[in-house]
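Please open the structure in your viewer and keep the selection tool at hand. The stops below say what to select next and what is to be found there.

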Amino acid sequence: MNKTKDNLITYGIVIVAYIILQTLAVTGILSSHMKGLLVPMTYYAVIAVALNLCVGILGELSIGHCGFMCIGAFTSAFFSKLTEASIPAAPRFILAFIIGIAFAALFGFLIGIPVLRLKGDYLAIVTLAFGEIIKNVINAFYIGVDKNGVHFSLKNAMELNMEPDGQLIVNGAMGITGTPHNSSFTVGIIVLLLSLFVVLNLINSRDGRAIMAVRDNYIAAEATGINVTGYKMMAFVISAAIAGAAGVLFSHNITTLTASSQYFGFNASIMILVYVVLGGIGNIRGSVIAACVLYLLPELLRGLNTYRMLIYSIVLIVMMIYTWSPKVLEWRKRTLGKINLPWKKANI
Amino acid sequence: MKKFNELVSLAAATVMAVSMIAGCGAASDGGSSDTFKIGAIGPLTGGAAAYGNAVCNAAELAVEEINAAGGINGYKVEYKKEDDELNAEKSVNAYNTLKDWGMKILVGSTTSACSIAVSENTKADNMFQLTPSGSAEDCVKYDNAFRVCFSDPNQGIASAQYISDNNLATKVGIIYDSSDVYSSGIYQKFTEEAAGKNFEIVSAEAFTQDNNTDFSVQLQKAKDAGADLVFLPIYYKDASLILTQANTMGYAPIFFGVDGLDGILTVENFDTSLAEGVMLLTPFAADATDDLTVNFVKNYQEKYGEIPNQFAADAYDAVYIIKQAIEAKNVTPDMSTSDICEALKSAMTEIEASGLTSAKMTWEANGEPNKEPKAVVIKNGAYVSAQ
């Protein structure tokens, strides 16, 4: 009962935020700067939810989740570019989602096979390497299409030997340019709601309890007959798939997609991990809110020029102390505990 | 415990809501109609900050000069710069911020990928965009976008032609950065153009930004293949390491670069004597002796304390080109963004500009500039014209 209510609050926050922002955007009150930030906010929230499933619920540290985002982004952008002329926008975008999600899940599965059998921090090491490898591999891809079919090279665009009318789709470090601009705030919110729905329902299901049992006590879970590797795999693949969906939104939002460090590298993955940690590990709603706030913050501080970097890091530290320091938790208990909000009574 | 978590999330949600509404207040319709509002975008922080700062500073300098001299057609110019951290997503955010400020004309973005991403938005808003240094082909694929610098393909083609026309070499080795759009773009076109020329490409070795400290393998391959000229379509920081390492291994071919090599003499702890004889195609040399360059370098150095590079020169030219185009069509600041764009678009194909980067620049409707590349060679620690 309580959990259902809790989940409804989460959906409610997202829907209310959507209605408010969409109304503001349609009536023209929202500045173009804010309007431009809405879509990125949704996909960072989506990938934060995905990573929280992996880190918070499964209890395995992944520091290469942007690698899955990268896979989703590139496969879907490739598909959209290829079929831009032949399929109308709506079904093409849906198919792009299916393809991006499927490929990200596939890679999650492939990585999971060897790694999830092991105990310890191996997943962190392997996903870290995966994120870096996938970026460099995609940087070396040259793929073009002409009337003879698909041409592929790892060396350079000239090796493709395409007909003059051929279209170069993936151009090495230049990546994919000219992906159709299909992502919108509405689509982003739908994807966010769907991923919340999947993750929250998974957590409250029999499978979810098994996954959390594996997290809390590996040996006890194994002893009660839970298929440890199977459940780990399930959570990890779902997490990778949702990260892939974030990638699809990403690649259809900006028209230049390059596999460079600032989008898919180690630092980008760590940034997502920061969203998850500061939003509360295992707290899905917290991830959504933290991702939105922390993505917005440096943008809203633009007026302060270079000082915004300084303030951003100070805010991170303050948030960390506020959420996790035992002394502060105690202080919060003493002061905030006195305020009895009517809707809080149910929890006491 | 649970309760407090909820309180925190509630507080965070409130913060989010408040911050959003705070963000809304900034919207403006660009109402003031007595000034031209020009915005610039570039990476002002992070690894590529040198380029973004050069562009934004030089544009600022040009705007100040124009205002001091009475503005454009009597109207003052307002200027604002925004940071994009070399990130296409942030570049679009920066563009939207400038739009809220009331920008009517954009000088930017500084780098190729960002410029392409922003051009998608300027096209939708029909805003005139002049990128000083976005050199990838796609930067000007829309009719509202023009550029000041050479495109990557042009640089590759011009380099191949120059090497061939001047019989500089018979065997050419290439070292390029495969993770960089600029570098691999020039490399591709150079290789295409080299087919049928009087030299042969004997080695083409790549590196990426993740392994740009040791070039001995690439140099050894070029040496073993007998390359008597090594083409370096890369930025100067990596090139300075290549020159140092080539010297250590006793390999002394002609090194030939493009405009990214400009700045190599300013690298800290780099023995500039190693750069003797290095040739590069560049539109701008800071120690040229014409009045325009001398004044620009002097003023820039006084204001920002460093010698301007070609990015700065491109941006400085960009502002003056916009001034010239505005004057040609008698554009006034009270016109809408779209009307200004249409007027400037047609002006661009008609004007003939003269600036730091070329004495004579004209534009095609496709946004590409026509100007002559200058080849310079480094002699006694300074650029000297090669011809």
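Begin by colouring chain B by pLDDT (the predictor's confidence in each residue, from 0 to 100): its average is 85, and 91% of the residues score at least 70. Now select residues 18–31 of chain B, where the pLDDT is below 50, although this stretch has 25 contacts in the model beyond near neighbours in sequence; two residues are in contact if their C-beta atoms, placed from the backbone, lie within 7 Å. Where pLDDT is low, the predicted coordinates should not be read in detail.

This is a predicted model, in which local features need pLDDT of at least 70 and side-chain atom pairs count only at pLDDT 80 or more, while totals for chains, interfaces and linings use all residues. Residues are numbered from 1 along each chain as its sequence is written, and chains are lettered from A and ligands numbered from 1 in the order in which they are written.

Next, select helix H6 (residues 185–203) and helix H9 (residues 228–251) of chain A, which pack at an angle of about 175 degrees with their axes 11 Å apart. H6(A) is therefore roughly antiparallel to H9(A), a term for angles over 145 degrees. On the H6(A) side the contact includes Gly188(A) and Val191(A), and on the H9(A) side Ile238(A) and Ile242(A) are among the residues involved.

Keep H9(A) and add helix H3 (residues 65–82) of chain A, whose axis lies 7 Å from that of H9(A), at an angle of about 50 degrees. Among the residues making this contact are Phe68(A) and Gly72(A) of H3(A), and Gly244(A) and Val248(A) of H9(A).

Methods:
Axes fitted to C-alpha atoms, helices over the stretch in contact; angles between N-to-C directions. Helix = DSSP H or I, 4+ residues; strand = E, 2+ residues; numbered from the N terminus. Parallel < 35°, antiparallel > 145°, perpendicular 65-115°, else oblique.
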